[in-house]
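Biologist: Before planning any work on this protein, I should like to go through its model with you. May I put my questions to you one at a time?

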Amino acid sequence: MEGHLTYVINGVERKMFFGNYALEKVLAHFNISVTELHTIPNSREMEFIRVWMYHAACYPILKSGGIPDFTEFDTYEWVDDSKSDILVKVNEAIFKSLGLDTQTTEEKKSKPEN
């Protein structure tokens, strides 16, 4: 899986890994399987991104034996403080980790249906 991101949040460099650990936590949060990821409704898209971002940021800290110094609620502030810039970067990292091409996906969204 791909999907590494380093982002400075409130002066702290946060490393995020959008790998299997974060994916497993997201699937458990939504009580779905990998094949059901597409069933997450658009109304829960922000929650999906935020939950994955949280677990992706926890992973490198937990792996090194540390304890995260933030909560899931802090990710709301990360998004607010970044003026949503972090959402774009996190979304790209999630797409990469799932083996999806964000450019192709965006092009498909913008094409009119016949």
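Biologist: Which side chain meets that of Glu13 in a salt bridge?

Modeller: Please bear in mind that this is a predicted model. A salt bridge requires a side-chain nitrogen of Lys or Arg within 4 Å of a carboxyl oxygen of Asp or Glu. For Glu13 the N to O distance is 3.7 Å, and the partner is Lys15.

Biologist: Is Lys15 buried, partly exposed or exposed?

Modeller: Buried means under 20% relative accessible area and exposed means over 50%. Lys15 has a relative accessibility of 49%, so it counts as partly exposed.

Biologist: How many bridges join strand β1 to strand β2?

Modeller: Strand β1 covers residues 4-9 and strand β2 covers residues 12-17. They form a hairpin with two residues between them, and Asn10 in the turn has a positive phi of about 50°. The two strands run antiparallel, and the number of bridges that join them is six.

Biologist: Which residue of β1 stands opposite Glu13 in β2?

Modeller: The pairing can be followed residue by residue. Tyr7 stands opposite Arg14 in β2. Opposite Glu13 stands Val8.

Biologist: Which side chains of β1 point to the face where they are buried?

Modeller: The side chains alternate along β1. His4, Thr6 and Val8 point to one face and are not buried. Those that point to the other face and are buried are Leu5, Tyr7 and Ile9.

Biologist: Is Arg14 buried or exposed?

Modeller: Arg14 lies in strand β2. Leaving aside its neighbours within four places in sequence, Arg14 is in contact with residues including Leu5, Tyr7, Ile61, Asp69, Phe70 and Trp78. Its relative accessibility is 10%, and the cut-off for burial is under 20%. Arg14 therefore counts as buried.

Biologist: In what order do the elements of the chain run from the N terminus?

Modeller: The chain contains five helices and two strands. From the N terminus on, the order is β-β-α-α-α-α-α.

Biologist: Which element gives the largest share of the largest nonpolar core?

Modeller: The largest nonpolar core has 30 residues, and those with the most contacts inside it are Met16, Phe18, Phe48, Trp52, Ile86 and Val90. Elements that give two or more residues to this core are β1, α1 (20-30), α2 (45-63), α3 (74-81) and α4 (85-97). The largest share, nine residues, comes from α2.

Biologist: What span does α2 reach from its first C-alpha to its last?

Modeller: The helix has 19 residues, for which 27 Å is expected at 1.5 Å a residue. After the helix comes Gly65, whose phi is positive, near 90°. The span that α2 reaches is close to the expected value, at 27 Å.

Biologist: What covers the buried residues of α2?

Modeller: The buried residues of this helix include Phe48, Val51, Trp52, Met53 and Cys58. Phe48, for example, is in contact with Val26, Phe30, Leu37, Ile40 and Ile94, leaving aside its neighbours within four places in sequence. The cover over the buried residues of α2 includes β2, α1, α3 and α4.

Biologist: Which side chain meets that of Glu47 in a salt bridge?

Modeller: Side chains of opposite charge can pair when their charged atoms come close. Glu47 has a relative accessible area of 22% and is therefore partly exposed. At a distance of 2.9 Å, N to O, its salt-bridge partner is Arg44.

Biologist: Which side chain meets that of Glu72 in a salt bridge?

Modeller: The distance in this salt bridge is 3.7 Å, N to O. The pair links distant parts of the chain, 22 residues apart, with Glu72 in the loop between α2 and α3 and its partner in helix α2. Glu72 is partly exposed, with a relative accessible area of 29%. Its partner, buried at 10% relative accessibility, is Arg50.

Biologist: What percentage of the residues in the chain is buried?

Modeller: The accessible surface of the chain comes to about 7400 Å², of which 50% belongs to carbon and sulfur atoms. Among contacts with a separation of 6 or more, 52% are between residues 24 or more positions apart. Of the 114 residues in the chain, the buried share is 36%.

Methods. Residues are numbered from 1 along each chain as its sequence is written. This is a predicted model: local features need pLDDT of at least 70, side-chain atom pairs count only at pLDDT 80 or more; totals for chains, interfaces and linings use all residues. Side-chain values use heavy atoms; hydrogens and water are left out. Two strands pair if DSSP finds at least two bridges between them. Helices (H or I, at least four residues) and strands (E, at least two) are DSSP runs, numbered from the N terminus. Buried means under 20% relative accessible area, exposed over 50%, partly exposed in between (1.4 Å probe, protein chains only). Contact means heavy atoms within 4.5 Å. Accessible areas come from the Shrake-Rupley method with a 1.4 Å probe; for residues, only the protein chains shown count as cover. A nonpolar core is a set of buried Ala, Val, Leu, Ile, Met, Phe, Trp, Tyr and Cys residues joined through side-chain atoms within 4.5 Å. The expected span of a helix is 1.5 Å times one less than its number of residues.
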